[in-house]
Amino acid sequence: MKNRFPFHVGDLNDGCGVLVKVPDKLRHHFPEFAENVWKTYEMLSEHPRATAIEIGEALGISDRMVRKHLASLKEAGPIIRRGSNKAGYWEVLSRRPSSLL
């Protein structure tokens, strides 16, 4: 079956085949986050308008699980939602929000 979405996990690289990496400071600040949470974060950093269904299909997990990951990331602060649920996008913060310092 052909992937109907314009990206997949292999697209998350810097052009040299190296996976876009979550900043180590974020990983150390949120050690409770599983690897799939960080993969979701990486996907959003490359594709901020991606839907939970698209991310789930690209990562091989359910869209419900993606929504849980998004909620965790949003609550913790590394991502924020801009705009409406339908027409909005995710903004991935490049550093820790000041509220977490």
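Me: What makes strand S1 and strand S2 a pair?

Reply: Two strands pair if there are at least two bridges between them. In this predicted model, S1 (residues 79-82) and S2 (residues 89-92) are joined over four bridges, so they meet that cut-off. The sense of the pairing is antiparallel, and Arg81 stands opposite Trp90 in S2.

Me: What lies between S1 and S2 in the hairpin?

Reply: Six residues lie between the two strands. One of the turn residues, Gly83, has a positive phi of about 85°.

Me: Where do these strands come in the pattern of the protein along the sequence?

Reply: The pattern reads α-α-α-α-β-β, with four helices and two strands in the protein.

Me: Let's go to the helices. Why is H3 called roughly perpendicular to H4?

Reply: Look at the angle. The axes of H3 (residues 52-59) and H4 (residues 63-76) cross at roughly 110° and come within 8 Å. Angles from 65 to 115 degrees count as roughly perpendicular, so H3 earns that description against H4.

Me: Which residues make the contact between H3 and H4?

Reply: From H3 come Ala52, Ile53, Ile55 and Gly56, and from H4 come Asp63, Val66 and Arg67. Sorted by class, this contact has four nonpolar, one polar and two charged residues.

Me: How do you know that H2 is also roughly perpendicular to H4?

Reply: The same kind of check works here. H2 (residues 35-46) packs against H4 at an angle of about 80°, with the axes 9 Å apart. The range for roughly perpendicular is 65 to 115 degrees, so that is the word for H2 and H4.

Me: Which residues of H2 and H4 meet?

Reply: On the H2 side they are Asn36, Val37, Trp38, Thr40, Tyr41 and Leu44, and on the H4 side Val66, His69, Leu70 and Leu73. By class, the contact of H2 with H4 has seven nonpolar, three polar and no charged residues.

Me: How do you know that Thr40 is buried?

Reply: Buried means under 20% relative accessible area. The value for Thr40 is 0%, so Thr40 is buried. This residue of helix H2 touches Ile55, Leu59, Val66, His69, Leu70 and Leu73, leaving aside residues up to four places away in sequence.

Me: Why is H3 described as largely enclosed by the rest of the structure?

Reply: Count its buried residues: six of the eight in H3 are buried, so the helix is largely enclosed. They are Ala52, Glu54, Ile55, Gly56, Ala58 and Leu59. Their cover includes H2 and H4. Just after H3, Gly60 takes a positive phi of about 80°.

Me: How much of the whole protein counts as buried?

Reply: The share is 34% of the 101 residues.

Me: Now the rings. Why is the aromatic pair of Phe30 and Phe33 called stacked?

Reply: The structure holds three aromatic pairs. In the pair of Phe30 and Phe33, the centres are 5.3 Å apart and the planes are at 15°. Rings pair if their centres lie within 6.5 Å, and planes under 30 degrees apart count as stacked, so both values fit the name.

Me: Are Phe30 and Phe33 buried or exposed, and which cluster do they belong to?

Reply: Both Phe30 and Phe33 are buried. Ring pairs link them with Trp38 and Tyr41 into a cluster.

Methods:
Residues are numbered from 1 along each chain as its sequence is written. This is a predicted model: local features need pLDDT of at least 70, side-chain atom pairs count only at pLDDT 80 or more; totals for chains, interfaces and linings use all residues. Side-chain values use heavy atoms; hydrogens and water are left out. Rings of Phe, Tyr and Trp (its six-membered ring) pair if their centres lie within 6.5 Å; planes under 30 degrees apart count as stacked, over 60 as edge-to-face and the rest as tilted. Buried means under 20% relative accessible area, exposed over 50%, partly exposed in between (1.4 Å probe, protein chains only). Axes are lines fitted to C-alpha atoms, for helices over the stretch in contact, and angles run from 0 to 180 degrees between N-to-C directions. Angles under 35 degrees count as roughly parallel, over 145 as roughly antiparallel, 65 to 115 as roughly perpendicular and the rest as oblique. Contact means heavy atoms within 4.5 Å. Ala, Val, Leu, Ile, Met, Phe, Trp, Tyr, Cys and Pro count as nonpolar, Asp, Glu, Lys and Arg as charged, and the others, Gly among them, as polar.
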